Amino acid sequence: MLITLEGIEGSGKSTLLSGLVQRVEAGGARPLVTYEPGGTPAGDAVRELLLGSDLEIAPLTEALLMNAARAQLVTSQIRPALAAGRVVLCDRYFDSTLAYQGYGRGLDIPTLRFLCLAATSGLDPDLTLLLDLPVERARARLRERAPDRIEREDAAFFERARRGYLEMAKAGGRWHVLDATRSAGDLLDDAWTILRARVEAPA
Ligand code: Z5A
């Protein structure tokens, strides 16, 4: 079972993820917990280039690098964990590319979907939790932190990414939208209600 967390930065994904991991582990499972971009030595090197550098990186290059890190993560970590029957919890996945490089930067969505399909060899999440939060609220939470290369974009960029996520979530199915203005404890309870039956179901 592949579970992904999505949302703009500061929406509380990492906080929710650590709470979910505790609950999944308390049930006796040994989940793979990972993130994008990164999660492997090669992927983390690409992450440093994408987020930690001041390099000028064109939107398509950015999308390709995100997918290069993703291909490594899916091949070397996620697919083997799923094959071993483990639950995988991933902080961001290909929906981030569609939201940021697609809706945010304006790249062609079908082209991005093709790149993501190649990078993941068609592996879709079973369940995606979207933490939805107004951009201003999210930015206020991160005010103390030095912004990385992408976080230096203006609010309009993140508004487009947020709108993109909400647009994608209209598809329903694997998508569950959580109101991220709620407290971290309430969010964890909401998310656990959605996940519990699935991760505790007998194999
Ligand atoms: N990116 C991309 O463009 N394309 C792609 O394909 C992929 C990624 C995969 C990755 O950043 C960047 O790469 C990201 C998208 C882009 N760029 N931006 N901008 P990252 O991995 O370094 O960071 P992030 O994913 O954006 O997450 P974050 O900034 O660490 O935020 P978060 O995980 O969503 O939130 P948090 O760390 O859990 O919480 C932030 C603060 O809010 C913290 O002080 C918490 O204590 C507080 N918090 C958390 N929950 C709550 C609630 N419920 N109420 C109040 N306060 C809360």
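1. A polar contact is a pair of N or O atoms within 3.5 Å; within protein, one atom must be able to donate a hydrogen and the other to accept it, and residues adjacent in sequence count only if both atoms are side-chain atoms. Thr75 offers an example: a polar atom of its side chain lies 2.7 Å from the backbone oxygen of Ala71.

2. Basis of the note. This is a predicted model, in which local features need pLDDT of at least 70 and side-chain atom pairs count only at pLDDT 80 or more, while totals for chains, interfaces and linings use all residues. Residues are numbered from 1 along each chain as its sequence is written, and side-chain values use heavy atoms, with hydrogens and water left out.

3. The ligand shell. The ligand is surrounded by 29 residues. A residue is near the ligand if one of its heavy atoms lies within 4 Å of it. Lys13, Ser14, Thr15, Thr97 and Arg145 are the closest. By class, the shell holds ten nonpolar, nine polar and ten charged residues. Here Ala, Val, Leu, Ile, Met, Phe, Trp, Tyr, Cys and Pro count as nonpolar, Asp, Glu, Lys and Arg as charged, and the others, Gly among them, as polar.

4. Helices in the shell. At least two shell residues come from each of helix 1 (13-26), helix 2 (41-52), helix 3 (59-83), helix 4 (94-104) and helix 8 (184-199). Helix 4 gives the most, with four residues. Helices (H or I, at least four residues) and strands (E, at least two) are DSSP runs, numbered from the N terminus.

5. Contacts and cover. The side chain of Arg92 places an N or O atom 2.7 Å from an oxygen atom of the ligand. For Arg145, a side-chain N or O atom is also 2.7 Å from a ligand oxygen. Gly10 uses its backbone: an N or O atom there lies 2.9 Å from an oxygen atom of the ligand. On its own the ligand has 1100 Å² of accessible area, and the protein covers 81% of that. Accessible areas come from the Shrake-Rupley method with a 1.4 Å probe; for residues, only the protein chains shown count as cover.

6. The pocket. The space taken by the ligand is the largest pocket. On a 1 Å grid over the protein atoms alone, a pocket is an open set of points with protein on both sides within 12 Å along at least five of seven lines. A molecule sits in a pocket if more than half of its atoms lie within 2 Å of its grid points.

7. Arg92. This residue is in the loop between strand 3 (88-91) and helix 4. Its phi is near 80°, a positive value in a residue other than glycine. Arg92 counts as buried because its relative accessibility is 13%. Buried means under 20% relative accessible area, exposed over 50%, and partly exposed in between (1.4 Å probe, protein chains only).

8. Lys13 and helix 1. Lys13 belongs to helix 1. It is buried, with a relative accessible area of 7%. Its C-alpha atom is separated by 9.0 Å from that of Leu129, and the two residues are 116 apart along the chain.

9. Gly185 and Thr15. Gly185 is part of helix 8. At a relative accessible area of 40%, Gly185 is partly exposed. The C-alpha atoms of Gly185 and Thr15 are separated by 9.8 Å, with their positions 170 residues apart along the chain counted as the separation.

10. Ser121 and Thr75. Ser121 sits in the loop between helix 5 (109-120) and strand 4 (127-132). Its phi is positive, about 45°, although Ser121 is not a glycine. Its relative accessibility is 48%, so Ser121 counts as partly exposed. Thr75 lies in helix 3 and is exposed, with a relative accessible area of 57%. Thr75 and Ser121 are 46 residues apart in sequence and 8.8 Å apart in space, C-alpha to C-alpha.

11. The cis peptide. Glu36 and Pro37 are joined by a cis peptide bond, with omega about -15°. Pro37 is in the loop between strand 2 (32-35) and helix 2.

12. Arg105. This residue lies in the loop between helix 4 and helix 5. Arg105 counts as partly exposed, at 21% relative accessibility. Arg105 and Ala138 are 33 residues apart along the chain, and their C-alpha atoms are separated by 19 Å.

How values were computed:
On a 1 Å grid over the protein atoms alone, a cavity is a set of points where a 1.4 Å probe fits but cannot get out, and a pocket is an open set with protein on both sides within 12 Å along at least five of seven lines; lining residues have an atom within 4 Å of a point.
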